Amino acid sequence: MDSEESRRVLDPAQDGAAFKALTHPLRLTLLGLLRQHGPATASELAVRTGESSASTSYHLRVLAKYAFVAEADHRDGRERRWKSVHAMTSWSNEAMRRSPGGSAILSVLHRRQIEHLQQSLDRHEADLESGLLAQEWQEPSGISDMMPRLTPESLAELWEVFRAKTDELSARDAGDPRAERVVLFTAGLPLAPQPEAARDRADASAGPDAGSPDATTGDAS
(Lines give C-alpha, C1' and ligand atoms only; values in the text may rest on other atoms or scores of the structure.)
Protein backbone atom coordinates (compact mmCIF):
# COMPACT_ATOMS: atom_id res chain seq x y z
CA MET A 1 0.00 0.00 0.00
CA ASP A 2 1.25 3.48 -0.87
CA SER A 3 1.06 5.07 2.57
CA GLU A 4 3.11 8.08 3.61
CA GLU A 5 5.38 5.72 5.53
CA SER A 6 6.12 3.73 2.37
CA ARG A 7 6.81 6.80 0.19
CA ARG A 8 10.16 8.61 0.15
CA VAL A 9 10.02 12.22 -1.02
CA LEU A 10 13.30 13.49 -2.44
CA ASP A 11 14.26 17.18 -2.39
CA PRO A 12 16.47 18.10 -5.37
CA ALA A 13 18.15 20.86 -3.33
CA GLN A 14 19.29 18.39 -0.67
CA ASP A 15 19.19 15.01 -2.42
CA GLY A 16 20.96 15.74 -5.70
CA ALA A 17 23.46 12.93 -5.20
CA ALA A 18 20.66 10.48 -4.43
CA PHE A 19 18.87 11.45 -7.65
CA LYS A 20 22.06 10.92 -9.65
CA ALA A 21 22.50 7.51 -8.03
CA LEU A 22 19.07 6.53 -9.35
CA THR A 23 19.90 7.40 -12.96
CA HIS A 24 22.08 4.29 -13.33
CA PRO A 25 19.89 1.74 -15.17
CA LEU A 26 21.08 -1.28 -13.18
CA ARG A 27 20.41 0.47 -9.86
CA LEU A 28 16.89 1.30 -10.96
CA THR A 29 16.41 -2.31 -12.01
CA LEU A 30 17.73 -3.66 -8.70
CA LEU A 31 15.54 -1.31 -6.69
CA GLY A 32 12.52 -2.27 -8.75
CA LEU A 33 13.17 -5.98 -8.26
CA LEU A 34 13.47 -5.58 -4.50
CA ARG A 35 10.24 -3.58 -4.38
CA GLN A 36 8.39 -6.07 -6.51
CA HIS A 37 9.73 -9.39 -5.21
CA GLY A 38 11.00 -8.61 -1.71
CA PRO A 39 14.42 -9.14 -0.10
CA ALA A 40 17.18 -10.83 -2.08
CA THR A 41 20.93 -11.35 -2.11
CA ALA A 42 23.33 -9.85 -4.63
CA SER A 43 23.76 -13.33 -6.13
CA GLU A 44 20.01 -13.82 -6.57
CA LEU A 45 19.71 -10.43 -8.23
CA ALA A 46 22.68 -11.22 -10.45
CA VAL A 47 20.82 -14.26 -11.79
CA ARG A 48 17.69 -12.20 -12.47
CA THR A 49 19.55 -9.40 -14.24
CA GLY A 50 22.29 -11.37 -16.00
CA GLU A 51 24.95 -9.29 -14.25
CA SER A 52 27.85 -10.48 -12.11
CA SER A 53 27.46 -10.75 -8.35
CA ALA A 54 30.31 -8.26 -7.97
CA SER A 55 28.38 -5.72 -10.06
CA THR A 56 25.04 -6.15 -8.28
CA SER A 57 26.79 -6.08 -4.89
CA TYR A 58 28.52 -2.79 -5.74
CA HIS A 59 25.36 -1.10 -6.97
CA LEU A 60 23.37 -2.33 -3.97
CA ARG A 61 25.94 -0.70 -1.71
CA VAL A 62 25.50 2.57 -3.63
CA LEU A 63 21.72 2.33 -3.17
CA ALA A 64 22.27 1.65 0.53
CA LYS A 65 24.56 4.70 0.80
CA TYR A 66 21.63 6.88 -0.26
CA ALA A 67 19.09 4.98 1.89
CA PHE A 68 17.11 3.38 -0.94
CA VAL A 69 17.89 -0.13 0.31
CA ALA A 70 18.99 -1.61 3.61
CA GLU A 71 20.09 -4.98 4.96
CA ALA A 72 17.24 -7.42 5.54
CA ASP A 73 17.06 -10.35 7.93
CA HIS A 74 19.51 -13.04 6.88
CA ARG A 75 18.48 -16.62 6.30
CA ASP A 76 21.99 -17.62 7.27
CA GLY A 77 25.35 -15.93 7.81
CA ARG A 78 26.80 -16.59 4.38
CA GLU A 79 25.53 -13.64 2.31
CA ARG A 80 23.73 -10.43 3.20
CA ARG A 81 20.20 -9.91 1.99
CA TRP A 82 18.86 -6.55 0.84
CA LYS A 83 15.42 -4.97 0.99
CA SER A 84 13.88 -1.80 -0.35
CA VAL A 85 13.36 0.82 2.35
CA HIS A 86 10.32 2.40 0.65
CA ALA A 87 7.67 1.21 -1.79
CA MET A 88 7.82 4.40 -3.86
CA THR A 89 10.04 7.42 -4.49
CA SER A 90 8.47 10.84 -5.13
CA TRP A 91 9.68 14.33 -5.99
CA SER A 92 8.44 17.74 -7.05
CA ASN A 93 8.71 18.16 -10.82
CA GLU A 94 8.82 21.95 -10.46
CA ALA A 95 11.71 21.78 -7.97
CA MET A 96 13.51 19.24 -10.14
CA ARG A 97 13.35 21.42 -13.24
CA ARG A 98 14.70 24.40 -11.27
CA SER A 99 17.72 22.39 -10.04
CA PRO A 100 20.95 22.05 -12.07
CA GLY A 101 20.70 18.98 -14.25
CA GLY A 102 17.23 18.23 -12.91
CA SER A 103 15.50 18.11 -16.29
CA ALA A 104 18.01 15.55 -17.59
CA ILE A 105 17.54 13.38 -14.50
CA LEU A 106 13.76 13.52 -14.89
CA SER A 107 14.08 12.47 -18.52
CA VAL A 108 16.16 9.42 -17.54
CA LEU A 109 13.71 8.41 -14.80
CA HIS A 110 10.67 8.84 -17.05
CA ARG A 111 12.20 6.75 -19.81
CA ARG A 112 13.10 4.02 -17.34
CA GLN A 113 9.45 3.94 -16.30
CA ILE A 114 8.42 3.52 -19.94
CA GLU A 115 10.83 0.57 -20.17
CA HIS A 116 9.22 -0.86 -17.03
CA LEU A 117 5.81 -0.51 -18.67
CA GLN A 118 6.95 -2.51 -21.69
CA GLN A 119 8.50 -5.21 -19.48
CA SER A 120 5.35 -5.38 -17.36
CA LEU A 121 3.14 -5.66 -20.43
CA ASP A 122 5.27 -8.49 -21.82
CA ARG A 123 5.13 -10.36 -18.51
CA HIS A 124 1.39 -9.76 -18.08
CA GLU A 125 0.63 -11.20 -21.51
CA ALA A 126 2.91 -14.19 -20.92
CA ASP A 127 1.35 -14.88 -17.51
CA LEU A 128 -2.16 -14.86 -19.00
CA GLU A 129 -1.11 -17.04 -21.91
CA SER A 130 0.61 -19.60 -19.67
CA GLY A 131 -2.22 -19.75 -17.16
CA LEU A 132 -0.17 -18.32 -14.30
CA LEU A 133 -2.87 -15.64 -14.05
CA ALA A 134 -6.50 -16.65 -13.82
CA GLN A 135 -8.69 -15.61 -16.74
CA GLU A 136 -10.74 -13.41 -14.39
CA TRP A 137 -7.88 -10.89 -14.63
CA GLN A 138 -8.23 -10.55 -18.40
CA GLU A 139 -11.26 -8.23 -18.49
CA PRO A 140 -10.20 -5.62 -15.88
CA SER A 141 -6.61 -5.45 -17.18
CA GLY A 142 -5.60 -2.94 -19.81
CA ILE A 143 -4.01 0.36 -20.82
CA SER A 144 -5.92 3.61 -21.39
CA ASP A 145 -4.85 6.72 -23.31
CA MET A 146 -7.58 9.28 -22.62
CA MET A 147 -6.97 12.95 -23.50
CA PRO A 148 -9.24 15.13 -21.31
CA ARG A 149 -8.96 18.92 -21.24
CA LEU A 150 -8.10 19.92 -17.66
CA THR A 151 -6.77 22.91 -15.74
CA PRO A 152 -3.56 22.54 -13.69
CA GLU A 153 -5.70 22.46 -10.56
CA SER A 154 -7.91 19.69 -11.91
CA LEU A 155 -4.94 17.59 -12.95
CA ALA A 156 -3.41 17.93 -9.47
CA GLU A 157 -6.78 16.97 -7.95
CA LEU A 158 -6.99 13.94 -10.23
CA TRP A 159 -3.62 12.69 -8.97
CA GLU A 160 -4.76 13.05 -5.36
CA VAL A 161 -8.03 11.22 -5.97
CA PHE A 162 -6.23 8.42 -7.78
CA ARG A 163 -3.70 7.95 -4.98
CA ALA A 164 -6.34 8.05 -2.26
CA LYS A 165 -8.51 5.49 -4.03
CA THR A 166 -5.51 3.23 -4.64
CA ASP A 167 -4.65 3.34 -0.93
CA GLU A 168 -8.27 2.59 -0.01
CA LEU A 169 -8.55 -0.42 -2.31
CA SER A 170 -5.10 -1.76 -1.34
CA ALA A 171 -6.11 -1.69 2.32
CA ARG A 172 -9.43 -3.39 1.57
CA ASP A 173 -7.80 -6.20 -0.42
CA ALA A 174 -4.77 -6.71 1.83
CA GLY A 175 -6.15 -9.91 3.37
CA ASP A 176 -7.85 -11.33 0.27
CA PRO A 177 -6.03 -14.45 -1.03
CA ARG A 178 -7.16 -13.61 -4.59
CA ALA A 179 -5.25 -10.31 -4.56
CA GLU A 180 -2.24 -10.11 -6.88
CA ARG A 181 0.38 -7.43 -7.39
CA VAL A 182 -0.91 -5.01 -10.02
CA VAL A 183 1.48 -2.74 -11.90
CA LEU A 184 -0.28 0.64 -12.28
CA PHE A 185 1.10 3.29 -14.61
CA THR A 186 -0.34 6.80 -14.67
CA ALA A 187 0.72 9.80 -16.73
CA GLY A 188 -0.39 13.41 -16.81
CA LEU A 189 1.44 15.16 -19.64
CA PRO A 190 -0.09 18.48 -20.76
CA LEU A 191 0.57 19.36 -24.40
CA ALA A 192 0.86 22.94 -25.64
CA PRO A 193 -1.27 23.97 -28.64
CA GLN A 194 0.38 23.38 -31.99
CA PRO A 195 0.30 25.56 -35.12
CA GLU A 196 -2.59 24.43 -37.29
CA ALA A 197 -0.52 22.70 -39.98
CA ALA A 198 1.58 20.80 -37.47
CA ARG A 199 -1.54 19.86 -35.51
CA ASP A 200 -3.20 18.43 -38.60
CA ARG A 201 -0.16 16.27 -39.34
CA ALA A 202 0.02 15.07 -35.73
CA ASP A 203 -3.69 14.22 -35.64
CA ALA A 204 -3.44 12.30 -38.88
CA SER A 205 -0.56 10.16 -37.62
CA ALA A 206 -1.76 9.66 -34.06
CA GLY A 207 -5.08 7.94 -34.64
CA PRO A 208 -8.36 8.57 -32.83
CA ASP A 209 -7.33 7.73 -29.25
CA ALA A 210 -3.54 8.15 -29.17
CA GLY A 211 -1.96 10.13 -26.36
CA SER A 212 -2.27 10.45 -22.58
CA PRO A 213 -2.71 13.23 -20.13
CA ASP A 214 3.64 16.30 -15.68
CA ALA A 215 1.89 16.50 -12.47
CA THR A 216 3.28 18.53 -9.60
CA THR A 217 4.70 15.33 -8.15
CA GLY A 218 6.52 12.52 -9.91
CA ASP A 219 6.61 8.94 -8.68
CA ALA A 220 8.79 5.95 -9.33
CA SER A 221 7.96 2.56 -8.00
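**Close-up views of a predicted model**

**Figure 1. Arg163 and Glu160 are joined by a salt bridge.** In this predicted model, the closest N and O atoms of Arg163 and Glu160 are 3.4 Å apart. Both residues belong to helix H7, where 3 residues, about one turn of the helix, separate them. The two partners fall into separate accessibility classes: Arg163 counts as buried because its relative accessibility is 12%, whereas Glu160 counts as exposed because its value is 51%. Across the whole structure, a search finds 10 salt bridges.

**Figure 2. A salt bridge links the side chains of Arg123 and Asp127.** The N to O distance in this pair is 3.5 Å. Arg123 and Asp127 are both located in helix H6 and lie 4 residues apart, about one turn of the helix. With a relative accessible area of 43%, Arg123 is partly exposed. Asp127 has a relative accessibility of 16% and therefore counts as buried, the limit for that class being under 20%.

**Figure 3. Glu71 and Arg80 form a salt bridge.** The closest N and O atoms of Glu71 and Arg80 are 4.0 Å apart, and the cut-off for a salt bridge is within 4 Å. Glu71 is partly exposed, its relative accessible area being 43%. Arg80 is likewise partly exposed, with a relative accessible area of 38%.

**Figure 4. Glu136, Asp176 and Arg178 are linked in a network of salt bridges.** Side chains of opposite charge can pair when their charged atoms come close. Here the network contains two negative residues, Glu136 and Asp176, and one positive residue, Arg178.

**Figure 5. Arg8 is buried yet has no salt bridge.** Arg8 is part of strand E1, which spans residues 7-10. Asp15 is the nearest side chain of opposite charge to Arg8, at a distance of 4.6 Å. A salt bridge requires a separation within 4 Å, so Arg8 and Asp15 do not qualify as a pair. A polar atom of the Arg8 side chain does lie 3.3 Å from the backbone oxygen of Ala67. When residues up to four places away in sequence are not counted, Arg8 touches Ala18, Tyr66, Ala67, Phe68, His86, Met88, Thr89 and Ser90.

**Figure 6. Ala67 has a positive phi although it is not a glycine.** The phi angle of Ala67 is about 65°. Ala67 is placed in the loop that runs between helix H4 (53-65) and strand E3 (69-71). Its relative accessibility of 37% means that Ala67 counts as partly exposed. The backbone oxygen of Ala67 is the atom that lies 3.3 Å from a polar atom of the Arg8 side chain, and Ala67 is among the residues that Arg8 touches.

**Figure 7. Leu150 lies in the loop between helix H6 and helix H7.** Helix H6 covers residues 102-130 and helix H7 covers residues 152-173. Leu150 counts as partly exposed because its relative accessibility is 42%. Leu150 touches Leu155 and Leu158, residues up to four places away in sequence not being counted. From C-alpha to C-alpha, Leu150 and Pro190 are 8.7 Å apart in space, while 40 residues separate them in sequence.

Technical notes
Residues are numbered from 1 along each chain as its sequence is written. This is a predicted model: local features need pLDDT of at least 70, side-chain atom pairs count only at pLDDT 80 or more; totals for chains, interfaces and linings use all residues. Side-chain values use heavy atoms; hydrogens and water are left out. Helices (H or I, at least four residues) and strands (E, at least two) are DSSP runs, numbered from the N terminus. Buried means under 20% relative accessible area, exposed over 50%, partly exposed in between (1.4 Å probe, protein chains only). A polar contact is a pair of N or O atoms within 3.5 Å; within protein, one must be able to donate a hydrogen and the other to accept it, and residues adjacent in sequence count only if both atoms are side-chain atoms. Contact means heavy atoms within 4.5 Å.
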